[in-house]
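Grab a pencil and keep the structure on your screen. These exercises take you through it piece by piece, each with a worked solution.

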Amino acid sequence: MRALLMAALLAGGAQAAEPAKTATGVKAAGVEAPKERIPTDVRRLTILVRDIDNSLKLYRDVFGLQVNYDAKISVSGVALPAGVPGNKTRLVLLNGNDPFIGWIGLMQYTDPPLPGSDQPYPRRLGPGGHVLILNVDDAKKRCAMAATVPGVSFTGEARLQVYEGRNGAPPIRVMGCNIFDPDGTAIEINQILRD
């Protein structure tokens with residue numbers, strides 16, 4: 001998914017040199033494509049959710065990610081250290097523009113639900129916390145749409161943010177907002193503004 005790739009690139013800033021073309025075809029100022037293939041691709045982040053249908057209202061309907069897998073599965077309780085062997089789950093995989101990297105997985109334990117599923121999620125980050133950064137086509141529009149999803153809470157309304165460029169390059173201008181999804185995942189919704 002280009003969104004995650006762009007987020008990683010944004011975190012590094014920009015460089016005055018000609019942008020490198022990545023494996024997904026995205027040109028990234030200040031980030032050179034490896035001369036040889038490196039051993040790792042960032043494949044997918046899977047988020048454990050309480051109500052997968054409500055989560056789809058955000059990830060599919062607001063962000064426009066495509067569902068490419070939707071199945072009910074039994075888990076071993078070993079490889080994924082949650083629940084117990086034989087738990088029934090529903091796993092939905094979604095992708096953005098890239099058919100291989102940067103996918104989002106949503107998994108709900110349905111029978112039985114995970115213990116603590118009725119407890120509120122934290123609304124502040126700490127050690128072990130994470131932020132999912134999604135680059136979208138129209139940040140103001142997507143932020144407004146996210147506000148309509150039950151359980152979404154904002155930590156920062158839509159606004160212009162300016163980041164220092166890499167190696168003396170011009171600043172990077174980003175329109176975006178910050179939310180917690182209905183299950184406590186911190187998300188930065190952003191749109192890199194082009195001059």
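**Exercise 1.** Leaving out residues up to four places away in sequence, find which residues D111 touches.

*Solution.* Set aside the sequence neighbours up to four places away, and D111 turns out to touch N87 and K88. Bear in mind that you're looking at a predicted model. A contact here means heavy atoms within 4.5 Å. Next, place D111 itself: this residue sits in strand β6. Now try a distance: D111 and S74 are 37 residues apart along the chain, and their C-alpha atoms are separated by 9.4 Å. Finally, look at the link to the next residue. The peptide bond running from D111 to P112 is cis, with omega near -10°. P112 belongs to the loop between β6 and β7.

**Exercise 2.** Count the helices and strands of the protein chain, then write down their order.

*Solution.* Start with the count: there are three helices and 10 strands. Now walk from the N terminus, and you should get α-β-β-β-α-β-β-β-β-α-β-β-β.

**Exercise 3.** Work out the strand order in the open sheet of four strands, and say which strands sit at its edges.

*Solution.* Reading across the sheet, the order is β7-β10-β9-β8, and the pairing is mixed. For the edges, look for strands that pair on one side only: these are β7 (131-135) and β8 (153-163). On average, neighbouring strands in this sheet are turned by 20° against each other, ignoring direction.

Now zoom in on one pair. Strands β9 (residues 172-180) and β10 (residues 186-192) run antiparallel and are joined by seven bridges. Within this pairing, C177 stands opposite I189 of β10. To finish, find what lies across the strands: helix α3 (residues 139-146) lies across β8, β9 and β10, and runs at about 5° to β9.

**Exercise 4.** Find which residues G184 contacts, leaving aside neighbours within four places in sequence.

*Solution.* First locate G184, which is in the loop between β9 and β10. With the close sequence neighbours left aside, G184 is in contact with Y121, P122 and R123. Take Y121 and check both kinds of distance: G184 and Y121 are 63 residues apart in sequence, but 5.2 Å apart in space, C-alpha to C-alpha.

**Exercise 5.** Describe the largest nonpolar core: how many residues does it have, and which element gives the largest share?

*Solution.* The count for this core is 26 residues, and those with the most contacts inside it are L58, Y59, F63, L106, I179, I187 and I189. Next, sort by element: β3 (44-49), α2 (52-62), β5 (88-95), β6 (103-111), β7, α3, β9 and β10 give two or more residues each. The largest share is five residues, and α2 provides it. Then check the domains: at least three core residues come from each of domain 1 (42-119) and domain 2 (121-194).

Pick I189 for a closer look. Not counting residues up to four places away in sequence, its contacts include F63, L134, C143, M175 and I179. Apart from this core there's another one, of eight residues, including A82, L91, L93 and W103.

**Exercise 6.** Find what share of the 195 residues in the protein chain is buried.

*Solution.* Count as buried any residue under 20% relative accessible area. That gives 43% of the 195 residues. Now turn to the outside: the accessible surface is about 10900 Å², and 54% of it belongs to carbon and sulfur atoms. One last step takes the contacts with a separation of 6 or more: 61% of them are between residues 24 or more positions apart.

Technical notes. Residues are numbered from 1 along each chain as its sequence is written. This is a predicted model: local features need pLDDT of at least 70, side-chain atom pairs count only at pLDDT 80 or more; totals for chains, interfaces and linings use all residues. Side-chain values use heavy atoms; hydrogens and water are left out. Two strands pair if DSSP finds at least two bridges between them. Axes are lines fitted to C-alpha atoms, for helices over the stretch in contact, and angles run from 0 to 180 degrees between N-to-C directions. A nonpolar core is a set of buried Ala, Val, Leu, Ile, Met, Phe, Trp, Tyr and Cys residues joined through side-chain atoms within 4.5 Å. Buried means under 20% relative accessible area, exposed over 50%, partly exposed in between (1.4 Å probe, protein chains only). Domain bounds come from an automatic or database domain assignment. Accessible areas come from the Shrake-Rupley method with a 1.4 Å probe; for residues, only the protein chains shown count as cover.
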